[in-house]
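Me: I'm new to this structure and would like a close look at one part of it. Could you walk me through how the side chains pair up around the aromatic rings, and then show me some of the charged pairs too?

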Amino acid sequence: METFRTHLDKFISINEEEFFSVQSFFQVLEVKKKQNLMLEGEVCRSLFFVVKGCLRKFFINEKGIEQTTEFAIENWWITDTFAFERQLKSDFCIQAVEKSMILKIDLQAQEELLKQHPKMEKYFRMVYQRACAASERRIRYLYELSREESYIKFSTLYPWFIQRIPQYLIASFLGFTPEYLSEIRAKLRS
């Protein structure tokens, strides 16, 4: 929980007693590599914080191919925000890329957390603002950059992903086939 405490301290100031209470709203889970936390068609009941490891959000397109839309590593949150906030069936799956330790909170627990700890409203607002800004930047890159430029930008902004996440998942995230990503990487090496 020290990882979560350090993360909170970047955004808000809470004492030990408050932190003890805040953490009581979360369930700690250890998940195996490739373990599904949510499947498409299930009601999105949870919001996940990655303490250690990596998760991904994806959907299966009309061709039956998995399309990764988001990764979450240490100190990142992940959920289907639209479905979570409305308690709807999700169009996405959430899966562990690596063996991971996560914190899980459901909507009702989050609402109670926010009532009891108003400082957490500021925390979640700031987290959502950063996530929204990152999504806006990614959308712009989709329109503006060539496929090769997209890979270069991604590998420059997130070099730890290149070493840590399987190439086929990076390709899925960037909208490439694994073979095309291999071609780009070979071209850049030469």
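Reply: What follows starts with the rings and then moves on to the charges.

Keep in mind that this is a predicted model. The structure holds 22 aromatic pairs. A good place to start is Phe4 with Phe19: their ring centres are 6.3 Å apart and the planes sit at 45 degrees, so this pair is tilted. Phe4 belongs to helix H1 (residues 2–9) and Phe19 to helix H2 (residues 16–23), so the two rings tie together parts that are 15 residues apart in sequence. Phe4 is buried, at 0% relative accessibility, and Phe19 is buried as well, at 6%. Phe4 also pairs with Phe26, this time edge-to-face, with 5.1 Å from centre to centre and 70 degrees between the planes. That second pair links distant parts of the chain, since Phe26 lies in the loop between H2 and strand S1 (27–31), 22 residues from Phe4. Phe26 counts as buried too, with 9% relative accessibility. Zoom out a little and these rings turn up in one aromatic cluster, made of Phe4, Phe11, Phe19, Phe26, Phe49, Trp77, Tyr123 and Phe124.

Rings can have charged company as well. The charged end of Arg56 sits over the ring of Phe58, 3.8 Å from its centre, and Arg138 lies over the face of Phe173, at 3.8 Å from that ring's centre.

Now for the charged pairs. Side chains of opposite charge can pair when their charged atoms come close. Here there are ten salt bridges. One of them joins Lys57 and Glu70, at 3.0 Å from N to O. Lys57 is in strand S4 (residues 55–60) and Glu70 in strand S5 (residues 66–72), so the bridge ties together parts that are 13 residues apart in sequence. Lys57 is buried at 8% relative accessibility, whereas Glu70 is partly exposed at 25%.

Glu98 and Arg164 meet in another salt bridge, at 2.8 Å from N to O. Glu98 lies in the loop between strand S7 (93–96) and strand S8 (100–106), and Arg164 in helix H7 (residues 159–164), so this pair ties together parts that are 66 residues apart in sequence. Arg164 is partly exposed, at 26%.

For a bridge inside one helix, look at Glu112 and Lys115, whose closest N and O atoms are 3.8 Å apart. Both are in helix H4 (residues 107–116), three residues apart, which puts about one helical turn between them. Glu112 is partly exposed at 31%, while Lys115 is exposed at 64%.

Finally, Arg5, Asp9 and Glu16 are linked in a network of salt bridges.

Key
Residues are numbered from 1 along each chain as its sequence is written. This is a predicted model: local features need pLDDT of at least 70, side-chain atom pairs count only at pLDDT 80 or more; totals for chains, interfaces and linings use all residues. Side-chain values use heavy atoms; hydrogens and water are left out. A salt bridge is a side-chain nitrogen of Lys or Arg within 4 Å of a carboxyl oxygen of Asp or Glu. Helices (H or I, at least four residues) and strands (E, at least two) are DSSP runs, numbered from the N terminus. Buried means under 20% relative accessible area, exposed over 50%, partly exposed in between (1.4 Å probe, protein chains only). Rings of Phe, Tyr and Trp (its six-membered ring) pair if their centres lie within 6.5 Å; planes under 30 degrees apart count as stacked, over 60 as edge-to-face and the rest as tilted. A charge sits over a ring if NZ of Lys or CZ of Arg is within 6 Å of the ring centre and within 35 degrees of the ring normal.
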